Amino acid sequence: MNTIVAVENSDQLHDVEKLAIQIWHEHYTPLIGKEQVEYMLNKFQSVAAMQEQLKQGYLYFLILDNNTPCGYLSVQPRDNNQELFLSKIYVSGDFRGKGIGKKLMQHAISIAKSLPAQKIRLTVNKDNAGSIAAYHKMGFTTTDTAKTDIGNGFYMDDYILELPLH
Ligand SMILES: CC(C)(COP(=O)(O)OP(=O)(O)OC[C@H]1O[C@@H](n2cnc3c(N)ncnc32)[C@H](O)[C@@H]1OP(=O)(O)O)[C@@H](O)C(=O)NCCC(=O)NCCS
């Protein structure tokens with residue numbers, strides 16, 4: 001049984017941080033290397049960084065499998081609510097391929113429709129082939145590329161994907 005809960009307190013932020021550390025090390029080290037993973041975890045997924053993001057309108061959600069946190073989602077309404085930016089969607093390795101990512105995406109879609117936004121936009125590392133395939137199956141199309149300087153000599157080299165909402 002899966003339940004999606006809004007992240008509102010420090011214990012929940014610690015649960016997200018713990019998931020991020022585990023998932024990002026396992027998934028991103030082969031793609032971008034250990035140093036960049038550690039830099040990005042500290043910059044974007046530490047409890048302190050996420051507390052700042054919450055102040056900037058980011059919303060975080062945990063998905064639980066029988067009370068065990070197994071994934072998380074972060075979104076931010078942008079462009080005067082015309083767009084929902086999907087900032088993070090992660091499922092723990094043991095729980096992938098069971099429809100949990102799709103449930104998180106459906107949650108993002110329902111938030112987007114309630115705004116009402118015209119589209120969901122996300123960025124994904126160009127080498128993250130499995131996740132790109134999953135996004136395409138969920139209806140996204142690749143619309144552009146973006147190379148973002150994130151400091152310390154590191155870059156995010158991404159595709160931009162969009163899901164139009166009607
Ligand atoms: C991408 C991710 C969130 C998908 O979550 P998930 O729970 O595994 O996905 P689901 O089981 O809900 O699958 C949704 C659809 O995507 C497809 N899919 C999932 N992973 C896939 C893969 N690696 N390759 C191809 N298709 C895939 C599924 O077959 C399913 O399609 P269907 O509905 O046509 O059957 C998850 O695999 C993940 O966290 N990956 C690693 C971290 C990551 O890269 N996150 C995205 C950062 S931009």
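User: Which elements each supply at least two residues of the shell around the ligand?

Analyst: In this predicted model, H1, E4, H4, E5 and H5 each contribute two or more residues to the shell. The largest share, six residues, belongs to H5.

User: Which residues come nearest to the ligand, and how do the residues of the shell divide by character?

Analyst: Of the 21 residues around the ligand, those that come nearest are Gly 99, Gly 101, Lys 102, Asn 128 and Ser 131. The shell comprises nine nonpolar, eight polar and four charged residues.

User: What is the distance from an oxygen atom of the ligand to the side chain of Lys 102, and what are the distances to the backbone of Gly 101 and of Lys 98?

Analyst: A polar contact is read from a pair of N or O atoms within 3.5 Å. An N or O atom in the side chain of Lys 102 lies 2.4 Å from a ligand oxygen. For Gly 101, a polar backbone atom is 2.7 Å from an oxygen atom of the ligand. For Lys 98, a backbone N or O atom is 3.2 Å from a ligand oxygen. The ligand taken alone exposes 920 Å², of which the protein buries 76%.

User: How is empty space in a protein found, and what space is taken by the ligand?

Analyst: A probe the size of a water molecule, rolled over the atoms, reveals where empty space is left. Here the ligand takes the space of the largest pocket, whose volume is about 1100 Å³. Among the 45 residues that line this pocket, Tyr 28, Ile 89, Tyr 90, Asn 128 and Tyr 135 are the closest to its centre.

User: Which elements give two or more residues to the lining of the largest pocket, and which gives the largest share?

Analyst: The contributors are helices H1 (10–32), H2 (34–44), H4 (100–114) and H5 (129–137), together with strands E4 (83–91), E5 (119–125), E6 (141–151) and E7 (154–164). E4 supplies the largest share of the lining, seven residues. By character, the lining residues are 23 nonpolar, 13 polar and nine charged.

User: How should backbone geometry be read, and where is the peptide bond that is cis?

Analyst: Most peptide bonds are trans, and most residues other than glycine have a negative phi. The bond from Leu 115 to Pro 116 is cis, with omega near -5°; Pro 116 belongs to the loop between H4 and E5. Asn 67, although not a glycine, has a positive phi of about 75°. Asn 67 is located in the loop between strand E2 (59–65) and strand E3 (68–78).

Note on methods. Residues are numbered from 1 along each chain as its sequence is written. This is a predicted model: local features need pLDDT of at least 70, side-chain atom pairs count only at pLDDT 80 or more; totals for chains, interfaces and linings use all residues. Side-chain values use heavy atoms; hydrogens and water are left out. On a 1 Å grid over the protein atoms alone, a cavity is a set of points where a 1.4 Å probe fits but cannot get out, and a pocket is an open set with protein on both sides within 12 Å along at least five of seven lines; lining residues have an atom within 4 Å of a point. Grid points are joined across faces, edges and corners, and a volume is the space filled by probe spheres set on the points. Helices (H or I, at least four residues) and strands (E, at least two) are DSSP runs, numbered from the N terminus. Ala, Val, Leu, Ile, Met, Phe, Trp, Tyr, Cys and Pro count as nonpolar, Asp, Glu, Lys and Arg as charged, and the others, Gly among them, as polar. A residue is near a molecule or strand if one of its heavy atoms lies within 4 Å of it. A polar contact is a pair of N or O atoms within 3.5 Å; within protein, one must be able to donate a hydrogen and the other to accept it, and residues adjacent in sequence count only if both atoms are side-chain atoms. Accessible areas come from the Shrake-Rupley method with a 1.4 Å probe; for residues, only the protein chains shown count as cover. A molecule sits in a cavity or pocket if more than half of its atoms lie within 2 Å of its grid points.
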